Structures are given as structure tokens and as C-alpha cells.
Amino acid sequence: SRPISDPILIRPGDPTLPFQYIRANLLAKNDGAVGVLFLDDTGETVDFACSDYSPYQMRVVGAYVGIYLRQSESFLASTNLGKAKFLHVEKEGLHLYSMPLPDGYYLVLVQRRPGLAGLARRTMEQACDQLHRALFVQG
């Protein structure tokens, strides 16, 4: 994936363009954001954008978030509590936020501390709505 500072090459009809814009916007709206991840239903990183983490670091973070997501899904299913709509994991120096998307995908925001969880949640909800319309709605 390209670093956020690289110019976006616009190709007419490029299906990745909305995702590039949405993830760049999510990074820009959250102070201290270091990356945005798009995880599949197995928790693997499908795509990402990063502002100051390396691509390798982002994939490692994605792997850990995938583990947290699988563990929380398992716990919620075993206790009949439904599905998580927003997961916030606070680590030393980092906040990890995730929201589900259709077909088992997840949007993840990685932010340095201190982070504003309310702002992160609101901007992630907006990004999820935009991604849903851009990538998942057929017709």
C-alpha cells in the first residue's frame, strides 16, 4: 500500500479509489492516527494505509487486532450477547478501534495515546457508512 503522503493516481472507474479516499480521510480526522486497516473475516489484513508506521508494523498490528476480534466474537457468541458494534482496545501507547463491515470484514483505526475515543467512533461510523455504500451495496 502507498504511504499517505504519496499522491493518489486517479484512474476513471478505479474501484479502489473510494477506499483510498475514505481511509486517508479517517487518518486525517483523528489526531495521532498512525494507520487504518481493512481486515477480512479471518482477521487477516487485506489493505491498509499508514502515516508513520511501516507496512510491516501495520500488518503485525492487524494480526493482533484479528486475534482480539476472534476472541471477542467467541466470547460474545458463547454468552449469547450478540455481536460487537465497536471494539476499543487500549494498549500502552496505542488505541485500537474496530467496527464490523458486511461479509465479515472490519475497519480498524490505530491511534497513538492520548486518543479521543468518541471522535474515533464517530469518524469510524462515517467511514463504515461510506465503505458500505462504496464497496458492498450492489445495484
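**A colleague's note on this predicted model**

1. Let's start with helix H2, where the buried residues are Met 58, Val 61, Gly 62, Val 65, Gly 66, Leu 69, Ser 72 and Leu 76. Please keep in mind as you read that this is a predicted model.

2. What do the buried residues of H2 pack against? Their partners are strands: E1, E2 (45-50), E3, E4 and E5.

3. The length of H2 is easy to check. The helix covers residues 55-78, which makes 24 residues, and at 1.5 Å a residue it should span 34 Å. The C-alpha atoms at its ends lie 35 Å apart, so the model agrees with the expected span. After H2 comes Asn 80, which has a positive phi, near 55 degrees.

4. Stepping back to the whole protein, you will find three helices and five strands. Their order along the sequence is α-β-β-α-β-β-β-α. The protein has 139 residues, and 39% of them count as buried.

5. How does the chain come together? Among contacts with a separation of 6 or more, 46% are between residues 24 or more positions apart. As for the outside, the protein exposes about 8,100 Å², and 55% of this is supplied by carbon and sulfur atoms.

6. A good place to zoom in is the hairpin of E3 and E4. Strand E3 (residues 87-91) and strand E4 (residues 94-100) run antiparallel and are joined by five bridges. Across the pair, Leu 87 of the hairpin faces Ser 98 in E4. Two residues sit between the strands, and Gly 93 takes a positive phi near 90 degrees.

7. Next, look at the largest nonpolar core, which has 20 residues. Leu 26, Leu 101, Leu 107, Leu 109 and Met 124 are the members that touch the most others. Two or more residues each come from helix H1 (17-29), strand E1 (33-39), E4, strand E5 (106-112) and helix H3 (117-136). Which element gives the largest share of this core? That is H3, with six residues.

8. Met 124 deserves a click of its own. Leaving aside residues up to four places away in sequence, Met 124 touches Leu 26, Phe 86, Tyr 97, Ser 98, Met 99, Leu 107, Val 108 and Leu 109.

9. Apart from the largest core lies another one, made of 16 residues, including Phe 48, Val 65, Val 89 and Leu 96. Val 65 brings us back to the opening point, as one of the buried residues of H2.

Definitions and conventions
Residues are numbered from 1 along each chain as its sequence is written. This is a predicted model: local features need pLDDT of at least 70, side-chain atom pairs count only at pLDDT 80 or more; totals for chains, interfaces and linings use all residues. Side-chain values use heavy atoms; hydrogens and water are left out. Helices (H or I, at least four residues) and strands (E, at least two) are DSSP runs, numbered from the N terminus. Buried means under 20% relative accessible area, exposed over 50%, partly exposed in between (1.4 Å probe, protein chains only). Contact means heavy atoms within 4.5 Å. Accessible areas come from the Shrake-Rupley method with a 1.4 Å probe; for residues, only the protein chains shown count as cover. Two strands pair if DSSP finds at least two bridges between them. A nonpolar core is a set of buried Ala, Val, Leu, Ile, Met, Phe, Trp, Tyr and Cys residues joined through side-chain atoms within 4.5 Å. The expected span of a helix is 1.5 Å times one less than its number of residues.
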